[in-house]
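Q: Pick one part of this model and give me a close look at it. Add enough of the surroundings that I can place it in the whole, and keep it casual.

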Amino acid sequence: MSRVIIIGAGGVGNVVAKKCAQNDQVFSEVLIATRTVSKADRIVTQIHQHLPGSKTTFTTTSVDADHVPALVELFNSFKPELVINVALPYQDLTIMDACLECGVHYLDTANYEPLDVAKFEYSWQWAYRERFEKAGLMALLGCGFDPGATGVFTAHHAKHHFAEIHSLDIIDCNNGDHGKAFATNFNPEINIREITAKGRYYENGEWIETEPLAISQDIYYPKVATRKSFVLYHEELESLVLNFPTIKRARFWMTFGESYIKHLNVLEGVGMTSIVPIDFRGLKVAPIEFLKAVLPVPESLAENYTGQTCIGVQAKGIGHDGNEKVHFVYNVCDHAETYREVQAQGVSYTTGVPAMIGAALMLTGVWKKAGVYNVEEFDPDPFIAAMNTWGLKVEELAGIELVKD
Ligand code: NDP
């Protein structure tokens with residue numbers, strides 16, 4: 001039985017909270033702390049409506065997670081064992097600082113990104129390793145789907161299918177339709193910053209940089225569709241090539257529809273995706289923040305969303321029998337089903353469920369080591385078993401090359 005604080009009450013926070021309520025054997029008391037407390041209150045109201053039998057008790061409060069003293073005060077009064085950070089990547093370091101100060105374990109789903117530089121990498125958070133180790137605390141980084149389940153799938157390939165992984169392709173398809181002209185499936189600012197950045201992949205020990213969305217191919221996503229997919233840089237590549245040093249090439253592919261790319265090109269062309277603040281009637285405003293304010297909030301897409309997501313990891317290399325092989329591990333998630341279950345679209349669901357699972361494995365001592373870790377550093381078996389239990393069925397496909405060299 002454990003006390004946990006969830007920071008953030010957006011699309012992902014909503015799913016994490018409801019999954020904790022379902023898993024009430026592990027999560028006994030949960031505090032949802034976020035900037036706009038009415039969003040947390042709404043989640044709790046829905047939990048009482050949809051999960052009346054849950055034994056987990058919920059409370060809510062407002063907090064500005066950019067400020068360590070505010071977090072320290074909150075942690076000292078609630079005394080959680082673990083904080084699940086599903087606010088934005090900008091808050092990762094302040095929350096980790098407060099965890100160290102108060103003796104609290106930490107989990108997040110996205111690596112730190114400074115507000116004023118569109119750049120994300122693990123170095124800032126890996127720099128906390130020694131302090132977490134010395135404090136006897138654990139920080140689990142990137143425990144959503146990608147990063148998150150994709151690291152677990154890679155560890156599964158390494159444990160069960162390959163003596164050596166040589167190439168890794170993470171593929172992410174959202175074949176859903178929310179009926180809006182243009183919207184992002186998670187926080188618009190973070191999403192647009194990721195997509196408009198240069199592409200990057202790993203080959204023979206080097207990072208190869210490309211223009212944004214410059215490399216593409218049609219990929220078949222089992223049970224879902226064949227979709228044009230683009231190489232992007234994604235944070236888990238950084239830790240996976242370090243943790244699995246036999247990997248010679250690692251790429252991340254994501255689908256985007258023509259209309260999405262057209263809108264994005266226009267917005268970029270007119271400067272609306274810039275993170276550099278401009279003067280507007282005496283106010284300093286970053287155009288991308290203004291854009292965020294006019295786009296639909298990701299949670300609002302959930303109700304009428306149809307279609308599925310398919311996210312998985314293809315590995316190629318040498319099997320345990322010494323022969324070359326290709327293997328794919330994946331999940332298909334249906335937007336309408338996740339809406340029925342937790343009033344969320346599939347992208348929030350595929351992120352929030354792994355976050356709850358990671359937290360449960362830490363709290364029950366199944367994954368427990370002092371220090372700062374990425375998910376692929378732990379045994380993948382209990383995580384995959386929990387994915388099958390908690391709504392993300394894990395499937396496998398042997399011998400078919402979905403992503404071409
Ligand atoms: P949302 O924008 O929907 O929600 C973010 C929440 O954090 C909001 O409730 C927001 O409050 C709150 N918040 C923002 N800043 C602060 C602050 N300074 N103090 C306290 N609360 C704050 O985002 P999502 O739910 O879509 O995404 C949450 C996280 O999940 C992001 O880090 C995202 O990158 C990550 N993610 C990870 C994925 C993965 O697979 N690993 C996939 C998708 C997302 P308010 O409403 O007041 O603004």
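**The ligand shell and its surroundings**

A: Of the 405 residues in the protein chain, 48% are buried. Keep in mind that this is a predicted model, so everything below is computed from predicted coordinates. I'll start with the overall frame, move in to the ligand, and then work outwards through a few helices and loops.

The protein chain carries 14 helices and 18 strands. Its radius of gyration is 20 Å, close to the 22 Å that the globule rule gives for 405 residues, so the chain is as compact as a globular protein of that length. Measured out along the principal axes would be one way to picture it: the C-alpha atoms fill a box of roughly 55 × 55 × 40 Å. If you take contacts between residues at least 6 apart in sequence, 73% of them join residues at least 24 apart.

The domain assignment splits the chain into domain 1 (2–141) and domain 2 (149–342). Their C-alpha centres lie 24 Å apart. Where the two meet, 13 residues of domain 1 are in contact with twelve residues of domain 2. On the domain 1 side, that touching set is made up of six nonpolar, four polar and three charged residues.

Now for the part to zoom in on. Where does the ligand sit relative to domain 1 and domain 2? Both domains give residues to the shell around the ligand, so it lies between them. That shell holds 32 residues, and the closest are Gly8, Gly10, Arg35, Gly144 and Phe186. Sorted by class, you get 15 nonpolar, twelve polar and five charged residues around the ligand. If you go by secondary structure, helix α1 (residues 11–22) provides the largest share of the shell, with three residues.

Next, a backbone oddity worth checking in your viewer. Asp146 and Pro147 are joined by a cis peptide bond, with omega at about 10 degrees. Pro147 has its place in the loop between β6 (138–141) and α7. In general, most residues other than glycine have a negative phi, and most peptide bonds are trans.

Two other loop residues also stand out on phi. Asn204 has a positive value, near 45 degrees, and is not a glycine. You'll find Asn204 in the loop between β8 (199–203) and β9 (206–210). There are 7 other C-beta atoms within 10 Å of Asn204, so it is exposed. Gln343 is the second one: phi is positive at about 55 degrees, and again the residue is not a glycine. Gln343 sits in the loop between α12 (335–342) and α13. With 19 C-beta neighbours inside 10 Å, Gln343 counts as partly exposed; the cut-off for buried is 20 or more.

That brings us to the helices. In α14 (residues 380–389), the buried residues are Pro380, Phe383, Ile384, Ala386 and Met387. Looking down the axis of α14, these fall within an arc of 160 degrees, so they line one face of the helix. Ala385, Asn388 and Thr389 are exposed on the other side of α14. What do the buried residues of α14 pack against? Their partners are α7 (149–161) and α13 (346–363). So α7 turns up twice in this tour: the loop holding Pro147 runs between β6 and α7, and α7 is one of the packing partners of α14. Just past the end of α14, Gly391 takes a positive phi of about 110 degrees.

Helix α8 (residues 188–196) makes a good companion case. Pro188, Glu189, Ile192, Glu194 and Ile195 are its buried residues, with Glu189 and Glu194 among them. The buried set of α8 packs against β11 (225–232), α10 (258–269) and α11 (287–294).

The last stop is Asp177, in the loop between β7 (162–174) and α8. It has 13 other C-beta atoms within 10 Å, so Asp177 is partly exposed. Leaving out residues up to four places away in sequence, Asp177 touches Thr306 and Gly307. For a sense of scale, Asp177 and Lys134 are 43 residues apart in sequence, and their C-alpha atoms are 48 Å apart in space.

To come back to the centre of the picture: the ligand lies between domain 1 and domain 2, with Arg35 and Phe186 among the closest residues of its shell.

Methods:
Residues are numbered from 1 along each chain as its sequence is written. This is a predicted model: local features need pLDDT of at least 70, side-chain atom pairs count only at pLDDT 80 or more; totals for chains, interfaces and linings use all residues. Domain bounds come from an automatic or database domain assignment. Two residues are in contact if their C-beta atoms, placed from the backbone, lie within 7 Å. Ala, Val, Leu, Ile, Met, Phe, Trp, Tyr, Cys and Pro count as nonpolar, Asp, Glu, Lys and Arg as charged, and the others, Gly among them, as polar. Helices (H or I, at least four residues) and strands (E, at least two) are DSSP runs, numbered from the N terminus. The radius of gyration is taken over C-alpha atoms; the globule rule is 2.2 Å times the number of residues to the power 0.38. A residue is buried if 20 or more other C-beta atoms lie within 10 Å of its own, exposed if 12 or fewer, and partly exposed in between; C-beta atoms are placed from the backbone. The arc is that of the directions from the helix axis to the C-beta atoms. A residue is near a molecule or strand if its C-beta atom, placed from the backbone, lies within 6 Å of it.
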